[in-house]
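Welcome to a short guided visit. Please have a look at the model first, and then follow the conversation below it.

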Amino acid sequence: MRCKGKIALVTGCTNGIGKETMYKLLEEGADVYMLVRRVEYGEELAKETEGKYPGKVRKVIYFQCNKLETIESAIKTAYEDAGRIDIFINNAIGGPTMAKDNTTVVDTSHETCMGIMEGILGVSAECCRVVIPLMIKGGGGSIVNVSSSTSVQADVSRTYYGVAKAALNMLTQQIAVQYGRQGIRCNAVLPGFTVSQATERALPEEFKEAWLKHTLIRRLGEPRDQANAIVFFASDESSWITGQLMEVCGGYGLAAPMFGDIVE
Ligand SMILES: NC(=O)c1ccc[n+]([C@@H]2O[C@H](COP(=O)([O-])OP(=O)(O)OC[C@H]3O[C@@H](n4cnc5c(N)ncnc54)[C@H](O)[C@@H]3O)[C@@H](O)[C@H]2O)c1
C-alpha cells in the first residue's frame, strides 16, 4: 500500500499505460481521479473497479488534450473535490502524432512539427503549469511525466515525437530544480516499445522484430512494466529521487549495434 491516502490524477487512463497505472495506483491504496477524453467509457471502467476498490475512483472528469481549456478545468475540478493533489501522472498526449508526414526533418511539414510539439510538450507543460501551484498548497507532491525511449535516441523517422519527448525530459528537470524546495518531485519514465492500442495501430510487425533484435530482455513491454516504474516515482518510496529520467525498455539500444546482428 505504497500510495495509501494519496490523491492521484491520471490523464488518458482508459487504455494502455495510463489504464494500467490507474489500476496499480488503486492497488497501492491511492484515491484516483480519472482525467479522460471518453467520459462514458471511463465511467464503465470506474464501475468495474468498484467491487475491489469501492469508492477509490473518486471521479471521472472530461480532459481532452486538443482542447487546452479542459486541462485547467479538469485539474481544478479534481482539486476542489479532493482538497489537494499528491500525485499527477502526465500520460495523455494529443496532436497529429499519426500524421503521414511525421517522418524526417525535411519531409515533416511545419504544421505537423508544431502540432506534435503542442500535443506533447504543450499539453504536458499546461498540466504542470496548473497542477504545481495546487500541489504546493498541499505541501508538495510527485509529478511523473510519461516520456519515451525515443527521446534519447535519434531515429530515421517520427522526428518530432522524439524531439517533443526530449523537451518533456528537460521540462521534468526544470520542474525538479524550480520547485524541489517547495516539496515537488518530478521524474520521467521513458517507455520502450510497449504493447498498447497506439503501438498496435502504428507499428508494423517488421518494426517489432527489428526492435526485439536490439533488446536485451527479449520481449515487448507490457503496460504493467511501465505502471510499476511510474508508481515507484509517484510513491514515497522514491522520496529522495527527483529530476530523473528512467528508461523502461528491456535494455533496448544498450548494446553495440552489432549485438542485434550476431546474437540470436
Ligand atoms: N506504448 C508505447 O510503446 C509507448 C512508448 C513510448 C512512450 N509512450 C507514451 O505513453 C503514453 C501512453 O501511451 P499508450 O501507448 O498507453 O497509448 P494508448 O493509445 O494505449 O492510450 C492512450 C490513452 O490516452 C487517451 N487519449 C488519446 N488522445 C487523447 C486526447 N486527445 N485527449 C485526452 N486523452 C487522450 C486515450 O483515450 C487512451 O486512454 C503516451 O504519452 C505515449 O507517448 C508509449
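What follows is a friendly exchange between a visitor and a guide.

Visitor: What kind of model is this, and how are its residues numbered?
Guide: This is a predicted model, in which local features need pLDDT of at least 70 and side-chain atom pairs count only at pLDDT 80 or more, whereas totals for chains, interfaces and linings use all residues. Side-chain values use heavy atoms, with hydrogens and water left out, and residues are numbered from 1 along each chain as its sequence is written.

Visitor: How many residues surround the ligand?
Guide: A residue counts as near the ligand if one of its heavy atoms lies within 4 Å of it. Gln64, Asn91, Tyr161, Thr194 and Ser196 are the closest. The total of surrounding residues is 28.

Visitor: Which helix gives the most to the shell around the ligand?
Guide: Helices here are DSSP runs of H or I with at least four residues, strands are runs of E with at least two, and both are numbered from the N terminus. At least two residues of the shell come from each of α1 (16-27), α5 (159-179) and α6 (197-202). The most, three residues, come from α6.

Visitor: How far is a polar side-chain atom of tyrosine 161 from an oxygen atom of the ligand?
Guide: A polar contact is a pair of N or O atoms within 3.5 Å. A ligand oxygen is 2.8 Å from an N or O atom in the side chain of threonine 14, and a ligand oxygen is 3.2 Å from a polar backbone atom of asparagine 15. For the side chain of tyrosine 161, the distance to a ligand oxygen is 2.6 Å.

Visitor: How much of the ligand's accessible area does the protein cover?
Guide: Accessible areas come from the Shrake-Rupley method with a 1.4 Å probe. On its own, the ligand has 840 Å² of accessible area. The part covered by the protein is 90%.

Visitor: Is glutamine 226 buried or exposed?
Guide: Glutamine 226 lies in helix α8 (residues 223-234). Contact means heavy atoms within 4.5 Å, and beyond its neighbours within four places in sequence, glutamine 226 is in contact with Ile17, Val189, Pro191, Gly192, Thr194 and Val248. Buried means under 20% relative accessible area, exposed over 50%, and partly exposed in between (1.4 Å probe, protein chains only). With a relative accessible area of 1%, glutamine 226 is buried.

Visitor: Which strand holds asparagine 90?
Guide: Asparagine 90 counts as buried, at 2% relative accessibility. Leaving aside its neighbours within four places in sequence, its contacts include Thr11, Ser124 and Val146. The strand that holds asparagine 90 is β4 (residues 87-90).

Visitor: How many residues apart in sequence are arginine 224 and glutamate 20?
Guide: A salt bridge is a side-chain nitrogen of Lys or Arg within 4 Å of a carboxyl oxygen of Asp or Glu, and the side chains of arginine 224 and glutamate 20 form one at 3.1 Å, N to O. Arginine 224 lies in helix α8 and glutamate 20 in helix α1, so the pair ties together parts of the chain whose separation in sequence is 204 residues.

Visitor: What is the distance between the closest N and O atoms of arginine 219 and aspartate 225?
Guide: Arginine 219 is partly exposed, with a relative accessible area of 42%. Aspartate 225 also counts as partly exposed, at 22% relative accessibility. The two residues form a salt bridge, and their closest N and O atoms are apart by 2.8 Å.

Definitions and conventions: Polar contact = N/O pair within 3.5 Å; in protein donor to acceptor, adjacent residues only side chain to side chain.
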